[in-house]
Amino acid sequence: MNPVKIFLLVGDPVKQSLSPAMFNAAFESLRLNSVYVAVEVPTKFLDDTVAGVRAIGISGLNVTTPHKIRIVDLLDELDDSANLVGAVNTVKNQRGKLIGFNTDGDGAIRALEENAGTVKGSKVVLLGAGGAARAIAFSLVRAGAELTIANRTFPRAKALVSDIERKLGSSANSVPLRRDRLRKVLKNADLLINATSVGMYPNVGQTLVTSDLIHHDMVVYDIVYKPLETRLLKEAKSAGAEVVNGLGMLVHQGALSFKVWTGKQAPIKVMESAARRELGRKDK
Ligand SMILES: NC(=O)c1ccc[n+]([C@@H]2O[C@H](COP(=O)([O-])OP(=O)(O)OC[C@H]3O[C@@H](n4cnc5c(N)ncnc54)[C@H](OP(=O)(O)O)[C@@H]3O)[C@@H](O)[C@H]2O)c1
């Protein structure tokens, strides 16, 4: 038997992560001699952790908050996705060379398109300009969406738009995160995406957009998956809009990491049921 391959999630905190359950179920279902473990790494130990990954030959990493940007400088190479976004959520150890990828954006689009059809030509309003929003914004523009970004810290939205324009040569818009401005842009939007942490457990009563700003032929996508039905999705349902929750993104960004590490198609259904089960367990 080949020696066991070890994959790690590095972040701080990682206690609530669904990824170990999701990946270990995937490895088991394809009978791969691999194991996935979440490790809590404070920022001051990130350099040592990456040195450790090299020293003991860890096969791959997932990287989460707060290390997605900082780890970029500790790797040997970045693929296109990580280069564009300037952040990494997946690392592959290729015979000692550490290569960074970013699967968040394409994972989000796959989950969305699986549920609500193509984003090509859609008018999209994206809430947020943090790590996940950045990745999603680049993937949306590459997939042919017309993008407007709204963020609480407006200069971050503007900076993201100028990054997109510089790196992709496509235009995008930014607006301040104010009700009057949102009302205006949402009137003509096909898709609203929440890529902020607003509405996430334990702040489940919060939403940036209420039903009066949503119209019924719009799709509303919330990447927050705890809870699965956020206040925003409740507001959207009451306005008659189609809704997509954040579990699909979690599964698809993971499935893309799985493909990077193993070269194999991920068992999507197995991963989704494992993530759903774990979410139920962590709720108790
Ligand atoms: N489904 C998935 O697979 C998946 C993957 C990644 C992330 N996520 C979820 O996505 C969310 C964002 O993650 P991230 O990594 O992008 O975090 P992040 O980099 O910390 O960004 C947070 C974003 O939320 C905004 N925000 C936070 N509190 C706010 C408030 N009270 N009012 C308005 N805006 C607020 C921030 O705005 P400012 O710029 O003004 O601070 C920023 O745009 C988290 O809930 C995370 O769990 C889901």
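**Close-up views of a predicted model**

**Figure 1. Backbone contact at Ala-129.** A backbone N or O atom of Ala-129 is 3.0 Å away from an oxygen atom of the ligand. The model shown here and in the other figures is predicted. Taken alone, the ligand exposes 930 Å², and the protein buries 77% of that area.

**Figure 2. Contacts at Ala-132 and Arg-156.** At Ala-132, a backbone N or O atom lies 2.8 Å from an oxygen atom of the ligand. At Arg-156, the contact comes from the side chain: one of its polar atoms lies 2.7 Å from an oxygen atom of the ligand. Ala-132 and Arg-156 are among the closest residues to the ligand, a group that also includes Asn-151, Thr-153 and Ile-223.

**Figure 3. The shell around the ligand.** The ligand is surrounded by 23 residues. Of the residues in this shell, 12 are nonpolar, 9 are polar and 2 are charged. Helix H5 (131-142) contributes at least two residues to the shell, and so does helix H9 (247-262). The place occupied by the ligand is the largest pocket.

**Figure 4. The whole protein chain.** The protein chain contains 10 helices and 12 strands. Its radius of gyration is 19 Å, close to the 19 Å given by the globule rule for 284 residues, so the chain is as compact as a globular protein of that length. Along the principal axes, the C-alpha atoms fill a box of roughly 60 × 40 × 35 Å.

**Figure 5. The cis peptide bond before Pro-202.** Tyr-201 and Pro-202 are joined by a peptide bond that is cis, with omega near 5°. Most peptide bonds are trans. Pro-202 belongs to the loop that runs between strand E10 (191-194) and strand E11 (219-222).

**Figure 6. The cis peptide bond before Pro-227.** The bond between Lys-226 and Pro-227 is a cis peptide bond, and its omega is about 5°. Pro-227 is located in the loop between E11 and helix H8 (231-238).

**Figure 7. Positive phi at Arg-31.** Arg-31 is a residue other than glycine with a positive phi, near 50°. Most residues other than glycine have a negative phi. Arg-31 is placed in the loop between helix H1 (19-29) and strand E2 (34-40).

Note on methods: Residues are numbered from 1 along each chain as its sequence is written. This is a predicted model: local features need pLDDT of at least 70, side-chain atom pairs count only at pLDDT 80 or more; totals for chains, interfaces and linings use all residues. Side-chain values use heavy atoms; hydrogens and water are left out. A residue is near a molecule or strand if one of its heavy atoms lies within 4 Å of it. A polar contact is a pair of N or O atoms within 3.5 Å; within protein, one must be able to donate a hydrogen and the other to accept it, and residues adjacent in sequence count only if both atoms are side-chain atoms. Accessible areas come from the Shrake-Rupley method with a 1.4 Å probe; for residues, only the protein chains shown count as cover. On a 1 Å grid over the protein atoms alone, a cavity is a set of points where a 1.4 Å probe fits but cannot get out, and a pocket is an open set with protein on both sides within 12 Å along at least five of seven lines; lining residues have an atom within 4 Å of a point. A molecule sits in a cavity or pocket if more than half of its atoms lie within 2 Å of its grid points. Helices (H or I, at least four residues) and strands (E, at least two) are DSSP runs, numbered from the N terminus. Ala, Val, Leu, Ile, Met, Phe, Trp, Tyr, Cys and Pro count as nonpolar, Asp, Glu, Lys and Arg as charged, and the others, Gly among them, as polar. The radius of gyration is taken over C-alpha atoms; the globule rule is 2.2 Å times the number of residues to the power 0.38.
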